[in-house]
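Student: I've got a structure open and no idea where to start. Could we go through it together with some questions?

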Amino acid sequence: MDEYRTLHFKNTYSDRDVSSAFPVLNDAGIETQIDDVEILLNFDTVDVKYLEKSKSDNLLLSNVLDELLKIRSFSTSNGKTVFKTFNKEKKVTGKDENKKKRLGYEYYKKEFSLYNNDVPSEFQNKIICSDSLELLKKLPDNCIDVMFTSPPYNFGISYTSTDDVSVWQDYFDKLFAIFRECIRVLKSGGRIIINIQPMFSDYIPSHHVVSNFFLKEGLIWKGEILWEKNNYNCKYCTWGSWLSPSSPYLKYSWEYVEIFCKNLLKKDGCKENIDITADEFKKWVYGKWYIAPERKMKEYHHDAMFPEELARRVLKLFSYKNDIVLDPFNGAGTTTKIARELDRRYIGIDIDEGYCETARKRLLEINSLFNQGDET
Ligand SMILES: C[S@@+](CC[C@H](N)C(=O)[O-])C[C@H]1O[C@@H](n2cnc3c(N)ncnc32)[C@H](O)[C@@H]1O
């Protein structure tokens, strides 16, 4: 925001009030920040009518509305309230020249082949049980539009077929061997999108290590989404050095989604294959997404799933209908289910046959809704 107002509230609200209020505030155009002490709201243009409609018995929303209605200097535009400004930022002049001087991403970007290939039909719309390192070698160069995945995190999660704990060097060596194959099979103009949670307790910033890897390989870093899960599980525990600066332990309720492009930031596609709505686009280009963690992990017998809504937003924002979507760590098949639901083609690979079976079952559920059979 160039110009904005800020409201401060003491954080005395219940977790329930906060987690249901934040998505409504974001949808109304208000940027939210929270810590243990304070809730901070930044805004310029707000859909006040929407707030009024959505507040129900939420105390935080009612208090925000009260404060907004006290502000006297505002105008209206397209039914929304534009609050007049303070905190004006300084304008930078000569932006384009400065950009040229700095070279932008050209300073690390490499050139890859521009010639794209089709995915052989035997791999299309398939869930494949394999080590991704082996399977990906069977795919031609430049044949995948979008890769979306969350890799094994090396946390010690009890996956059925891998133990998920290695010396970090071995973990990154294996992961990067697979990611090198992903870069090779990615089309020119394609995207690699990775949901990653750093190992805070080991002080290993895996999201930075992974990003650094892709930059060194010459992909363009398109950006980062902060996935706020609002799970305040350890709000009152794990302090590190309690009440001492010697080593306080920082706590997080979010994960990262890193986005990289091969050759180009722009991805070509037919207009009729765009399925994102104007409202979705406006909300989702703001790079902080409030999405609750997946609730069906027990039902799907997988301990590290991401929620369907995360995959839905990623695929609608970064891919076209009929694109070919790869998840090389497909787990219980969230990416492939949503790809199917959104009329994308898919390839899901996981080393564990049980997880692949779950992924296939979830596809069958979607296919039966669409009343048509795909091969899985
Ligand atoms: C974080 S989970 C992915 C969960 C998935 N996003 C979902 O929503 O169900 C990582 C997955 O990687 C799989 N995996 C680990 N090493 C693999 C490898 N070398 N090749 C293919 N899959 C692997 C694990 O079995 C696990 O299911």
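Student: Okay, which helix is the place of Leu135 in?

Tutor: Keep in mind that this is a predicted model. Find Leu135 along the chain and look at the run 132-136 around it. That run is helix 5.

Student: Is Leu135 buried, exposed or partly exposed?

Tutor: Let's count its neighbours. Leu135 has 18 other C-beta atoms within 10 Å. Buried needs 20 or more, and exposed means 12 or fewer. The count falls in between, so Leu135 is partly exposed.

Student: Which residues is Leu135 in contact with, leaving aside neighbours within four places in sequence?

Tutor: First, a distance to get your bearings: the C-alpha atoms of Leu135 and Glu181 are separated by 9.6 Å, though the two are 46 residues apart along the chain. For the contacts, skip anything within four places in sequence. What you get is Ile128, Ser130 and Ile349.

Student: Now the ligand. Which elements give two or more residues to the shell around it?

Tutor: There are 21 residues around the ligand, and Met305, Phe329, Gly331, Ala332 and Thr334 come nearest. The elements giving two or more residues to that shell are helix 5 and strand 14, residues 345-350.

Student: And how many residues of that shell are nonpolar?

Tutor: Sort the shell into kinds. There are 7 polar residues and 3 charged ones. The nonpolar ones number 11.

Student: What about the largest nonpolar core: which helix gives the most to it?

Tutor: That core has 53 residues, and those with the most contacts inside it are Met147, Ile192, Ile193 and Leu315. The helix that gives the most to this core has 6 residues in it, and it spans 168-185: helix 6.

Student: How many residues are in the other core, the one lying apart?

Tutor: Look for Ala21, Leu41, Leu51 and Leu61, which are among its members. This other core lies apart from the largest one. Its residues number 16.

Student: Helix 11 next. How far does it reach from its first C-alpha to its last?

Tutor: Helix 11 runs over residues 353-370, which is 18 residues. At 1.5 Å a residue, the expected value is 26 Å. The model comes close to that, with a reach of 26 Å.

Student: Why do the buried residues of helix 11 lie on the same side?

Tutor: The buried ones are Tyr355, Cys356, Thr358, Ala359, Arg362 and Leu363. On the other side, Glu353, Glu365 and Ser368 are exposed. The cover over the buried ones includes strand 7, helix 10 and strand 14. They share a side because they cover an arc around the axis of only 160°.

Student: How many of the residues of helix 4 are buried?

Tutor: Helix 4 covers residues 95-102, so you have 8 residues to check. It lies largely in the open, because the number buried is 0.

Student: Which residue follows helix 4, with a positive phi?

Tutor: Step into the loop between helix 4 and strand 7. The residue there has phi near 80°, a positive value in a residue other than glycine. With 10 C-beta neighbours inside 10 Å, it counts as exposed. It's Leu103.

Student: Last one: is His301 buried or exposed?

Tutor: His301 sits in the loop between strand 12 and helix 9, and its phi is positive too, near 55°. It has 12 other C-beta atoms within 10 Å, so His301 is exposed.

Methods
Residues are numbered from 1 along each chain as its sequence is written. This is a predicted model: local features need pLDDT of at least 70, side-chain atom pairs count only at pLDDT 80 or more; totals for chains, interfaces and linings use all residues. Helices (H or I, at least four residues) and strands (E, at least two) are DSSP runs, numbered from the N terminus. A nonpolar core is a set of buried Ala, Val, Leu, Ile, Met, Phe, Trp, Tyr and Cys residues joined through C-beta atoms within 7 Å. Two residues are in contact if their C-beta atoms, placed from the backbone, lie within 7 Å. A residue is near a molecule or strand if its C-beta atom, placed from the backbone, lies within 6 Å of it. Ala, Val, Leu, Ile, Met, Phe, Trp, Tyr, Cys and Pro count as nonpolar, Asp, Glu, Lys and Arg as charged, and the others, Gly among them, as polar. The expected span of a helix is 1.5 Å times one less than its number of residues. The arc is that of the directions from the helix axis to the C-beta atoms.
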